[in-house]
Amino acid sequence: MTVRYASASGVRKDVAALLKAPRRMPIAKAVKKYMRVPMGEGSSIPWDDSLTPYIIEPMNCLADRRYDSVIFVGPARTGKSLGLVDGWIVYVIVCDPADFLLVQVSEEKAREHSKKRLDRTFRSSREVAKRLSPHRNDNNVHDKTFKAGNYLKIGWPSVNVLSSSDYKFVAITDYDRITEDVDNEGDVYTLGSKRTTTFMSAGKTLAESSPGREITDSKWRAKTPHEAPPTTGILSLYNRGDRRRWYWPCPHCSEYFLPIRENMVGFSEGDDPTKGSKAARLQCPHCMGIIEPEQKRELNNKGIWLREGQSIDSQGTITGEPRESRIASFWMEGPAAAYQTWEKLVYNLLNAEQEYEKTGSEETLKSVINTDWGQAYLPKISQEQRSGDDLKLRAEYWDYGVVPDGVRFLVATVDVQGGKKRRFVVQVIGYGARGERWIIDRFDITRSLRFNDDGEAQKIDPSSYAEDWKVLITDVLDKTYPLQDGNEIEMGIHSMAIDTGGEEGVTDNAYQFWRKCKKEGLARRVYLFKGDGKAKSKLITKSYPDNTERSDRRAKARGDVPIYLLQTNELKDRISSHLGRETVGNNYIHFPDWLDDSFYDELTYEERDSNGKWAKPGKGANEAFDLMVYAHALVILLGYEKIKWENPPKWAQLPDINRDNPLMAPKSTVIAPPSIQTSPEKTDSTPASSSAWVPVSETSGGWV
Ligand SMILES: [Zn+2]
């Protein structure tokens, strides 16, 4: 310990005579009683908890043995460092004398905090002033010793400061402006909280900051209502804690809501900053009622912190199992900040937007979002990536499994998934003319045609069981879909493409499957795809892998199975631009409204970097996108791009609905349901040149 006593006997006398710590009370109450806030020129006012009511609960958690740490995330001008840092220091000096370490961002900031804020606060707060040591060398800029013998260190991030002594209390201010790694020893929070461990549950670590780190996964979506985006720094500490958010009751409908940027209305991006900022209001998301700027203080005083898992009704009744953690964590945002007007908030935002438009620099914008609004920043490059939400908005209604008007033929694409959740992922797309297409179906095949003793279908295992691939014939290639207005007519799958990459065994079984298809006369409807490792000018290259010379390869290829190597980057560029088309027409992609969010997330998960390479930013799924890419590669192979639409080949013609009249059906254009075992009219080996139209069943028309 580096505690330095002024004079042992003198201190003891002082402590006994006048400095008995007052009776225990909540920290906020004690600070209200004992702390005066210096206002300059020697004047001061008492700290007023009704100005910043949201700071009371975090302050009180600093004396609560259920918590080791308090994390407070909030914008500038909330009064957070006044209450949480200065207030806590005052409380400790007066009510709970113990060694205290304050970590500021830098040595200079530490000096400034000490001289400009703490010294003045100590002098104007009588109960603190009484406890200051009268000895000159007990009152230095970075080290202060009090009459009770307790020591206050006002330091900065360095191993020297953070590893030399034990402190019962550690406060870290402006956490996200501090280096992430102190002298290669780790982050300040971890190093700081280690200093308190000898005090067991009485030790406390506080970190407070506005967010300052960038969002690491642009495709992140909150899994729970209070989850913060993935960043390093203060928001990651918040996420580790019990995640409290600051709610206001709506003055119109009494329901509680978050006073955050998403609920601010009255202005829009590109508005004149002066005009736009004056119109800024909060809107209750429950009743759409408008809240005026003057109502902020009143609503803050009615506000409440709710933990993750809790909810509150309009009567103020709280329900739900709160998240438990030794870290009490709090996150509030700009619109609730006591010392910042909405007008200024929005003015700063619109100005920063303008600056970005003019200069392309995001620095100001990032700082406004972080320090004024209290939110994590998502860089523009990530914001401009296509959002799945935008695509979802385009979803149209048609019955599940039905083929809408305009579709000329169907292709199925299959992704083979290994690992624990092994399955075939199947997507069926209907192509119309000139690239217009519809998502017809999307499903997983998880059960094989193998049965156990109880007659249950076994889990599918495409890498270990070659026979499991048979389901791709029965459940995909043989599938038919009714036409929207087609009466008795159903549309079959024209052809199917399978990605053969993946875990060991998959490629081998894919080859075997294709040989089987060839025997069954299906080879021209089944294609094996693989991403091309080498960049080539040719979009798709047909190859016949032959590794009979090599013994180290498990996949047995003897040059008899065609594999199509795809330039996936170029194909992805195409699909991406097709997805970007917003009005119906050439290359427009239609989505049915039954697809859930995960489909759109998959479709937009991959990102294109500045070198034109597509990659996943994290471990999220991207099957929907991959499968769209395969489907397009497949139709290109079929010759789709060369079709003259005034005279398309039979397989790309619109279905002739009149064919449900058996007498009208021209025999030559009709093929039987493409089936291997069941149909007596076995498909010949050239389906690519015949129509994909099939009747509902063998009894539905006499024209087969
Ligand atoms: Zn309301």
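Student: In which sense do β24 and β25 pair, and over how many bridges?

Tutor: In this predicted model, β24 and β25 run parallel where they pair, and four bridges join them. To follow such a pairing by eye, pick one residue and look for its partner. Take Asp499, whose bridge partner in β25 is Phe529.

Student: Which strand pairs with β25 besides that, if I carry on to residues 563–566?

Tutor: That is β27, which pairs with β25 in the parallel sense, again over four bridges. Phe529 is a handy marker here too, since Tyr564 in β27 stands opposite Phe529. You can therefore step from Asp499 to Phe529 and on to Tyr564.

Student: What packs against these strands? I would like to know which elements the buried residues of α17 meet.

Tutor: For a helix, list its buried residues, then see what they contact. In α17 the buried ones are Val506, Thr507, Asn509, Ala510, Tyr511, Phe513, Trp514 and Cys517. They pack against β18 (409–417), β24 (489–499) and β25 (526–531).

Student: How many residues does α17 have, and what span should they give?

Tutor: Here you can check rise against length. Helix α17 covers residues 506–519, which is 14 residues, and at 1.5 Å a residue the expected span is 20 Å. The end C-alpha atoms lie 20 Å apart, so the two agree. After the helix comes Gly521, with a positive phi near 80 degrees.

Student: Which residue just after α13 takes a positive phi?

Tutor: Gly374 does, at about 75 degrees. Helix α13 spans residues 363–372, and its buried residues are Leu365, Val368, Ile369, Asn370, Thr371 and Asp372. Those buried residues pack against α12 (342–359).

Student: Now an antiparallel case. In what order do the strands of the open sheet with β12 come?

Tutor: The order is β11-β12-β13, with antiparallel pairing. In an open sheet, look for the edges: β11 (264–265) and β13 (290–291) each have a single partner strand, so one side of each is left without a neighbour in the sheet. Between β11 and β12 (residues 281–283) there are two bridges, and Val265 stands opposite Arg281 in β12.

Student: Which residues touch the most other members of the largest nonpolar core?

Tutor: Look for Val31, Ile71, Trp88 and Ile89 among the 98 residues of that core. Helix α4 (residues 80–95) gives the most to this core, nine residues. Put Trp88 at the centre of your view: leaving aside residues up to four places away in sequence, Trp88 touches Ile27, Met59, Leu62, Ala171 and Leu206. There is also a second, separate core of 68 residues, which includes Ile440, Tyr481, Phe599 and Val635.

Student: What does the chain look like as a whole, in helices, strands and buried residues?

Tutor: There are 20 helices and 31 strands in the protein chain. Of its 704 residues, 42% are buried. For contacts, ask how far apart in sequence the partners are: among those between residues at least 6 apart, 69% join residues at least 24 apart.

Student: Where does pLDDT stay under 50?

Tutor: Over residues 660–704, for which the model has 89 contacts beyond four places in sequence. Where pLDDT is low, the predicted coordinates should not be read in detail. For the protein chain, the mean pLDDT is 87, with 88% of residues at 70 or more.

Technical notes. Residues are numbered from 1 along each chain as its sequence is written. This is a predicted model: local features need pLDDT of at least 70, side-chain atom pairs count only at pLDDT 80 or more; totals for chains, interfaces and linings use all residues. Two strands pair if DSSP finds at least two bridges between them. The expected span of a helix is 1.5 Å times one less than its number of residues. A residue is buried if 20 or more other C-beta atoms lie within 10 Å of its own, exposed if 12 or fewer, and partly exposed in between; C-beta atoms are placed from the backbone. Two residues are in contact if their C-beta atoms, placed from the backbone, lie within 7 Å. pLDDT is the predictor's confidence in each residue, from 0 to 100. A nonpolar core is a set of buried Ala, Val, Leu, Ile, Met, Phe, Trp, Tyr and Cys residues joined through C-beta atoms within 7 Å.
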